[in-house]
Amino acid sequence: MTVDRPEPLRSSELRVSHAEREEVVERLKKAAADGRIDLDELDERLDRALTAKTYGDLEPLTADLPPEAPPAPEKPLVLKGGLQGATRTGRWQVPARMTAYGGMGGVRLDFSQAECHLPRVELEVHGQTGGVKVIVPDGWAVDSSEVDPDLGGMKDKTTPDRLPGTPLIHVTGTGGLGGVIIRHPNAWERRKLRQAHSS
């Protein structure tokens, strides 16, 4: 006895999500702003996009629009210690990729008050002569297993307790002569942070 199996749905018959409808709405608005479709067409296509149930309903609405250009890759933040040293501290926005070169003067990279909405941050460190010091808040996790300690060494004093919604800092590179130290804020730095928050 053979059992009749239902025919698989074509991709055009699959249901779309709210996010996919919104994506098409944004593309249509941009096309109207660029002059590719007029306002009457925009109104009609927006109505169809917002009530679309399947990919087959959505696809014709943008079929005559050119494909969107992919976003430009984000430039990494590069810190070079040079002779005087380099510091990134206070309030700043954390990018997805960073590189720190200790140079002669060293680099201090302090995430204590930084804003980071990324699940993972790539940090490449090169201790060179001056070394690299990285300070991360409690609750942030660090993976430094791929750092080559070289002559200066690599000390990761952070705890593995990662809080929900905080990033993982993935560290690669070399310790060089000056070494790399990764730690949480010390008692003096914590006191300064409390004073900053209370003022």
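**Loops, helices and sheets: the reasoning**

Me: Why is Asp150 called partly exposed?
Reply: In this predicted model, Asp150 has a relative accessible area of 45%. Buried means under 20% and exposed means over 50%. The value of 45% lies in between, so Asp150 is partly exposed.

Me: Where is Asp150 found, and what is its phi?
Reply: Asp150 sits in the loop between S7 and S8. Its phi is near 55 degrees, a positive value in a residue other than glycine.

Me: What makes Gln128 partly exposed?
Reply: The relative accessible area of Gln128 is 35%. That is not under 20%, as buried would require, nor over 50%, as exposed would require. Gln128 is therefore classed as partly exposed. This residue lies in the loop between S5 and strand S6 (132–135), and has a positive phi of about 50 degrees although it is not a glycine.

Me: How do you know that H1 and H2 are roughly antiparallel?
Reply: The axes of helix H1 (residues 18–33) and helix H2 (residues 39–50) cross at roughly 175 degrees. Angles over 145 degrees count as roughly antiparallel, so H1 and H2 are placed in that class. Their axes come within 9 Å.

Me: Which residues in H1 meet H2?
Reply: Arg21, Glu22, Val24, Val25, Leu28, Lys29 and Ala32 in H1 do so. Their counterparts in H2 are Leu42, Arg45, Leu46, Ala49 and Leu50. The residues of this contact divide into eight nonpolar, no polar and four charged.

Me: How do you know that S2 and S4 pair?
Reply: Two strands pair if there are at least two bridges between them. S2 and strand S4 (residues 107–110) have three bridges, in the parallel sense, so the condition is met. One of the bridges links Ala86 to Val107 in S4.

Me: What makes S2 and S8 edge strands?
Reply: Five strands form an open sheet in the order S2-S4-S6-S10-S8, with parallel pairing. Strand S2 (86–88) and strand S8 (154–156) each pair on one side only. The twist in this sheet averages 5 degrees from one strand to the next.

Me: What makes S1 and S7 edge strands?
Reply: An open sheet of five strands, paired in parallel, has the order S1-S3-S5-S9-S7. Strand S1 (77–80) and strand S7 (141–148) each pair on one side only. Here the twist averages 15 degrees from one strand to the next.

Me: How do you know that S5 and S9 pair?
Reply: Strand S5 (residues 120–126) and strand S9 (residues 168–174) have seven bridges in the parallel sense. At least two are needed, so S5 and S9 count as paired. Val125 stands opposite Gly173 in S9.

Definitions and conventions:
Residues are numbered from 1 along each chain as its sequence is written. This is a predicted model: local features need pLDDT of at least 70, side-chain atom pairs count only at pLDDT 80 or more; totals for chains, interfaces and linings use all residues. Side-chain values use heavy atoms; hydrogens and water are left out. Axes are lines fitted to C-alpha atoms, for helices over the stretch in contact, and angles run from 0 to 180 degrees between N-to-C directions. Helices (H or I, at least four residues) and strands (E, at least two) are DSSP runs, numbered from the N terminus. Angles under 35 degrees count as roughly parallel, over 145 as roughly antiparallel, 65 to 115 as roughly perpendicular and the rest as oblique. Contact means heavy atoms within 4.5 Å. Ala, Val, Leu, Ile, Met, Phe, Trp, Tyr, Cys and Pro count as nonpolar, Asp, Glu, Lys and Arg as charged, and the others, Gly among them, as polar. Buried means under 20% relative accessible area, exposed over 50%, partly exposed in between (1.4 Å probe, protein chains only).
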